[in-house]
Amino acid sequence: MAQDVLVIGAGIVGISTAIHLLRRGRSVLLIDKNEPGKETSFGNAGIIQREGVRPHAFPRDLATLMQVGLHLSTAARYDPLALPRFAPALLRYWWESSPNHYSHVVKSYAPLIGRSIEEHADLIAASGAEDLIVKKGWFLIFRTDHALKEEAAKAKSDLELYGINHRVVDGAEFAQIEPDLKEKLAGAIHWTDPWTVRDPGALVAKYFELYKSMGGQFLAGEAKGLEQDGEGWSTSVSGTRHKAREAVITLGPWAPEVLDPLGYRLPLFVKRGYHMHYGAQGDAKLNNWMIDAEVGYCLAPMEKGIRLTTGAEFALRDAAPTPIQLGRAERTARALFPLGERLDPHPWKGARPCTPDMMPIIGPAPRHRGLWVGIGHAHHGFTLGPATGHLLAQTMTGEKPAIDITPFAMDRFVGTYSGRG
């Protein structure tokens, strides 16, 4: 075998997996048709969300459902033509979001998210990326006292159960923290544990440079026809087959293109999102990352300008862009903060890979020896990439993983894939 491991997909999950495998003495060939870290890993809000023990649940209250259904929501919208394709997964997503099921999801998810800062810290230090990191948390802002009080109660519970640190900031104090805001707010939850990143794409690029400096190999091109080949695995890239003893699929929303032919038809779907960078009017300055909780967008002061990121768009992965949410969010954001001109020639669009139970798939493929997956991280791919990569490498090399990865096993979807292979 030319390599010990093929890692197919060079986003933050794939690069992190490859680094941790190299640390354990495995030779690795990392494959991607695009420049590493330029897809889903590139277009996020740049928050390492240590506080994110509660993954995004499907809304169950009638008011929110009506807003989304009538296309009145900024936080979420859908393409009606895509719903037939999504319907089975969305139905299970709704079911898993019931209070009883969701409480079990949070308990399983919390240990994974709990590793996010320390795993990033490891790679940040090793790659020399400290200049990209801000360690002062972020703010979840609220326009009404009622919504702020509700979130404060949840935050208190998360502190008691999971050690998530925070403080409640009233409107007067927040006006001092962000003096250039144009509107008065009820207040905010200041999540103090998370770190933020001035340029997420640059951080992933730093991790990739670390991988190469350790002797890791990269091949640009689309991996086609992954198949078992004797005692290992092989795939074709630009007409040449490449072999290894094991293969890891870290392709995010493109994973079905490799897994479906092997008989693993998982109930994956995508939530698309958009971002745009802006200048600021005059001497206005945005000091902190903040998410407008009751509207559904994020403003982040990044190296390339103030980045506005949108909520979730339920649409087919490769459908034409429909940046309606971006336009709505921009109008609201301009009323809140004196945004200047758009700095990008067009909105960036990406696709978050999601599972119906809101948890990623991490571990071995149940019907093929030597095949591993790290996919389905939804809104937390950037946050969880290094943790997932470490857990995969530990499991693949016979170490006891740092946390129990049983809740993230692929075979929890046993009823949703066929038995070929």
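Modeller: Two strands are said to pair if DSSP finds at least two bridges between them. The structure discussed here is a predicted model.

Biologist: How many bridges join β14 to strand β19?

Modeller: Strand β19 covers residues 339–342 and runs antiparallel to β14. In β19, L339 is the bridge partner of A280. Pairing needs at least two bridges, and the number that join β14 to β19 is two.

Biologist: Which residue in β20 stands opposite H275?

Modeller: Strand β20 spans residues 348–354, and β14 pairs with β20 in the antiparallel sense over seven bridges. Opposite H275 in β20 stands W348.

Biologist: In β17, what is the bridge partner of H277?

Modeller: β14 and strand β17, residues 305–310, run antiparallel and are joined by four bridges. The partner of H277 in β17 is R307.

Biologist: Is β14 largely enclosed by the rest of the structure or largely open, and how many of its twelve residues are buried?

Modeller: A residue is buried when its relative accessible area is under 20%. Strand β14 takes in residues 269–280, and it is largely enclosed by the rest of the structure because most of these residues meet that condition. Of the twelve, the number buried is eleven.

Biologist: Does L70 count as buried or exposed, and what is its relative accessibility?

Modeller: L70 lies in the loop between α2 (62–69) and β4 (76–78). Together with L62 and M66, L70 makes a nonpolar surface patch of about 330 Å². The cut-off for exposed is over 50%, so L70 counts as exposed, with a relative accessibility of 52%.

Conventions: Residues are numbered from 1 along each chain as its sequence is written. This is a predicted model: local features need pLDDT of at least 70, side-chain atom pairs count only at pLDDT 80 or more; totals for chains, interfaces and linings use all residues. Side-chain values use heavy atoms; hydrogens and water are left out. Buried means under 20% relative accessible area, exposed over 50%, partly exposed in between (1.4 Å probe, protein chains only). Patches are made of residues with over 30% relative accessible area and no salt bridge: like charges are joined within 9 Å, nonpolar side chains (Val, Leu, Ile, Met, Phe, Trp, Tyr) within 5 Å. Accessible areas come from the Shrake-Rupley method with a 1.4 Å probe; for residues, only the protein chains shown count as cover. A salt bridge is a side-chain nitrogen of Lys or Arg within 4 Å of a carboxyl oxygen of Asp or Glu.
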